[in-house]
Amino acid sequence: MKASQTRGKTSQGRLEALDDFVAHAFEELVKGDARGGLLVDLGVGGNPWTTLEWADAMAEIPAAGAVVGVDHHEARIEHARRLAEGAVDMRVGDFDLPLRAGEAVALLRVMNVLRQYPPAEVADIHARLVGQVAVGGCVLEGTCSPDGEVMGVLQLRRTDDGHRREGLWLRTDFSKGFSPWLFRDRLPRDLRREARPGGRAWPLFGPWLEAWEQERAAGGTPVEVFARTARRLAEVIDGVSTDPWLLERGMLWWRPEGGVG
Ligand SMILES: C[S@@+](CC[C@H](N)C(=O)[O-])C[C@H]1O[C@@H](n2cnc3c(N)ncnc32)[C@H](O)[C@@H]1O
């Protein structure tokens with residue numbers, strides 16, 4: 001039985017686009033065959049829908065690692081266990097992940113959690129989190145709007161000697177049209193308010209806004225303008241993916257050589 005079949009009609013589904021992106025872009029990590037890694041969802045929430053949905057999505061991938069839900073709120077984990085009915089392992093824990101002997105983490109998802117924490121603490125939290133992921137594995141940390149129409153996720157890659165801020169993935173469902181400004185308030189915690197001249201996110205947003213001004217003048221639907229803008233952007237800064245699968249879905253994936261912000 002699918003983990004999310006136990007849910008009622010209140011499913012939010014707000015991270016489904018991220019589930020699709022993870023299946024598309026991180027299949028190797030999800031399979032974790034080399035690492036035998038878990039897929040940990042830190043911050044299950046008051047209702048665990050997004051964790052159960054992630055487990056369902058990953059179960060479609062042959063040999064995928066198991067999803068484990070973690071939250072420091074004990075009552076939420078008790079509630080999550082009741083709803084998961086054993087289909088997903090739900091554990092009480094915090095930034096020090098409740099791992100058992102022999103377990104390794106391939107992917108650690110941290111969505112809509114760090115927005116409650118002061119920006120000054122974020123670098124330490126990132127280092128602490130990514131330090132618990134297997135070398136080569138990733139932390140995906142970000143924020144989305146309540147229904148997931150707009151999302152921003154930072155990708156941190158564990159390396160032998162620390163981690164790299166490897167990529168930034170932004171996504172819109174176009175329900176609010178398209179402008180790079182849509183993402184300004186949905187950026188991962190330490191890039192929030194950084195989409196301004198001189199800010200950490202400006203190396204992306206500066207050229208993206210310029211490309212958008214040019215492409216929107218040429219007209220077309222928001223989807224067309226988004227895709228053309230991304231292709232134009234890829235000509236002027238490094239690391240912008242022009243994979244049609246991403247562009248058709250309103251996803252901009254930026255992996256600059258020198259890292260993000
Ligand atoms: C807004 S919910 C996010 C739910 C889900 N990830 C989503 O995006 O739909 C945030 C959850 O993070 C949990 N949380 C916050 N800080 C945490 C920490 N240090 N360790 C574990 N859980 C934490 C809260 O208890 C809350 O349930």
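In this predicted model, residue A63 is exposed, with a relative accessible area of 60%. Its surroundings are easy to find along the chain: A63 lies in the loop between α3 and β2. The backbone at this position deserves a second look, since A63 has a positive phi of about 65° although it is not a glycine.

A second residue invites a comparison. N112 also has a positive phi, here of about 60°, and again the residue is not a glycine. The place of N112 is in a loop as well, the one between β4 and α5 (119-130). Is N112 buried or exposed? With a relative accessible area of 8%, N112 falls under the 20% limit and is therefore buried. A63, by contrast, counts as exposed because its value of 60% is over the 50% limit.

N112 leads on to the largest pocket, which holds about 530 Å³ of space. This pocket is lined by 28 residues, and N112 is among those closest to its centre, together with G43, G45, D71 and V113. Which elements give two or more residues to the lining? They are β1 (38-42), α3 (49-59) and β4 (105-111). Sorted by class, the lining of the largest pocket is a mixture of ten nonpolar, eleven polar and seven charged residues.

D71, one of the residues closest to the centre of that pocket, also takes part in strand pairing. Its bridge partner in β3 is V92. Strand β2 (residues 67-71) and strand β3 (residues 89-92) run parallel and are joined by four bridges. To get from β2 to β3, the chain passes through helix α4 (residues 74-84), and the resulting β-α-β crossover is right-handed. A helpful point to keep in mind when looking at strands is that, in a regular strand, side chains alternate between the two faces of the sheet.

The model can also be searched for enclosed space. How many cavities of 30 Å³ or more does the structure hold? There is one, and the volume of the largest cavity is about 30 Å³. Its lining consists of V40, V68, V70, R91, L97, P98 and L99. By class, six of the residues lining this cavity are nonpolar, none is polar and one is charged. The charged residue is R91, because Arg belongs to the charged class whereas Val, Leu and Pro count as nonpolar. The lining of the largest pocket, on the other hand, includes eleven polar residues.

Terms used. Residues are numbered from 1 along each chain as its sequence is written. This is a predicted model: local features need pLDDT of at least 70, side-chain atom pairs count only at pLDDT 80 or more; totals for chains, interfaces and linings use all residues. Side-chain values use heavy atoms; hydrogens and water are left out. On a 1 Å grid over the protein atoms alone, a cavity is a set of points where a 1.4 Å probe fits but cannot get out, and a pocket is an open set with protein on both sides within 12 Å along at least five of seven lines; lining residues have an atom within 4 Å of a point. Grid points are joined across faces, edges and corners, and a volume is the space filled by probe spheres set on the points. Two strands pair if DSSP finds at least two bridges between them. A crossover is right-handed if, with the strands pointing away from the viewer, the path from the first strand over the helix to the second runs clockwise. Buried means under 20% relative accessible area, exposed over 50%, partly exposed in between (1.4 Å probe, protein chains only).
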